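User: Please take a close look at the helix packing in this model, and at the salt bridges that accompany it. A connected account of the contacts would be welcome.

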Amino acid sequence: IDQRLFEAIAVETQRRVREFNSQGMANTVWAFVTAGVAAETLFKAIAGRAENRIGDFKPQEMANAVWAFAKAGVAARTLFESIASEAQRRIVEFNPQDLANTVWAFA
């Protein structure tokens with residue numbers, strides 16, 4: 001893992017977080033946690049943007065994002081509440097993997 005690259009991406013993402021769509025936000029937090037790179041400030045910036053745009057997220061994006069926050073141990077109560085509410089409204093759109101990842105994150 002190139003730590004400097006991840007740090008540069010974290011800084012730039014925070015600066016430009018308003019430009020990110022739902023897929024970009026979900027993929028970013030997923031990538032950081034999968035790589036094992038801690039970036040709490042980045043996660044908080046994405047949470048702030050995502051919680052007001054959660055209706056734009058596809059089920060897989062919601063599942064991946066909430067899983068990444070849980071796996072990283074980053075508290076994002078408002079984001080989790082937004083995802084819980086949106087997931088309940090759209091639960092029939094979730095495939096089995098989305099359901100499993102979502103319930104794991106909330107466990």
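Analyst: The account below goes through the helix pairs, then one core residue, then the salt bridges.

This is a predicted model, in which local features need pLDDT of at least 70 and side-chain atom pairs count only at pLDDT 80 or more, while totals for chains, interfaces and linings use all residues. Residues are numbered from 1 along each chain as its sequence is written, and side-chain values use heavy atoms, with hydrogens and water left out.

Some conventions come first. Helices (H or I, at least four residues) and strands (E, at least two) are DSSP runs, numbered from the N terminus. Axes are lines fitted to C-alpha atoms, for helices over the stretch in contact, and angles run from 0 to 180 degrees between N-to-C directions.

The packing of α2 against α3 is taken up here. Helix α2 spans residues 22-35 and helix α3 residues 40-50; their axes lie 10 Å apart at an angle of about 155°. That angle makes α2 roughly antiparallel to α3, a label for angles over 145 degrees, where under 35 counts as roughly parallel, 65 to 115 as roughly perpendicular and the rest as oblique. The two helices, α2 and α3, cross in a left-handed sense, meaning that the near helix is turned anticlockwise from the far one by less than a right angle (clockwise would be right-handed). On the α2 side, Met-25, Thr-28, Val-29, Phe-32 and Val-33 take part, meeting Leu-42, Phe-43, Ile-46, Arg-49 and Ala-50 of α3; contact means heavy atoms within 4.5 Å. By class, the contact of α2 with α3 comprises 8 nonpolar residues, 1 polar and 1 charged. In this division, Ala, Val, Leu, Ile, Met, Phe, Trp, Tyr, Cys and Pro count as nonpolar, Asp, Glu, Lys and Arg as charged, and the others, Gly among them, as polar.

Helix α2 also packs against helix α4 (residues 59-72), at an angle of about 35° and with the axes 8 Å apart. The crossing of α2 and α4 is left-handed. From α2 the contact draws on Ser-22, Gln-23, Ala-26, Val-29, Trp-30, Val-33 and Thr-34, and from α4 on Glu-61, Ala-65, Trp-67, Ala-68, Phe-69, Lys-71 and Ala-72. The residues in the contact of α2 with α4 are 9 nonpolar, 3 polar and 2 charged. Val-29 and Val-33 of α2 thus appear in the contact with α3 and in the contact with α4.

Helix α4 in turn meets α5. Their axes come within 11 Å and cross at roughly 150°, and α4 and α5 are therefore roughly antiparallel to each other. The crossing of α4 and α5 is left-handed. Met-62, Val-66, Phe-69 and Ala-70 of α4 are in contact with Leu-79, Phe-80, Ile-83, Glu-86 and Ala-87 of α5. The contact of α4 with α5 has 8 nonpolar residues, no polar ones and 1 charged. Phe-69 of α4 is listed in the contact with α2 and in that with α5.

Ile-83 of helix α5 deserves a closer look. At 0% relative accessibility, Ile-83 counts as buried; buried means under 20% relative accessible area, exposed over 50% and partly exposed in between (1.4 Å probe, protein chains only). Leaving aside residues up to four places away in sequence, Ile-83 touches Ile-54, Met-62, Val-66 and Phe-106. The C-alpha atoms of Ile-83 and Arg-53 are separated by 10 Å, with the two residues 30 apart along the chain.

The salt bridges complete the picture. The whole structure contains 8 of them, a salt bridge being a side-chain nitrogen of Lys or Arg within 4 Å of a carboxyl oxygen of Asp or Glu. In helix α5 (residues 77-89), Arg-77 and Glu-81 are 4 residues apart, about one helical turn, and their side chains form a salt bridge with an N to O distance of 3.0 Å. Arg-77 is exposed at 66% relative accessibility, whereas Glu-81 is partly exposed at 43%.

Arg-90 pairs with Glu-93, the closest N and O atoms being 3.2 Å apart. Arg-90 is buried at 13% relative accessibility, while Glu-93 is partly exposed at 45%.

In helix α1 (residues 3-16), Glu-12 and Arg-15 are 3 residues apart, again about one helical turn, and the closest N and O atoms of their salt bridge are 2.5 Å apart. Arg-15 is exposed at 62%, and Glu-12 is partly exposed at 30%. A network of salt bridges links Glu-12, Arg-15, Arg-16 and Glu-19.
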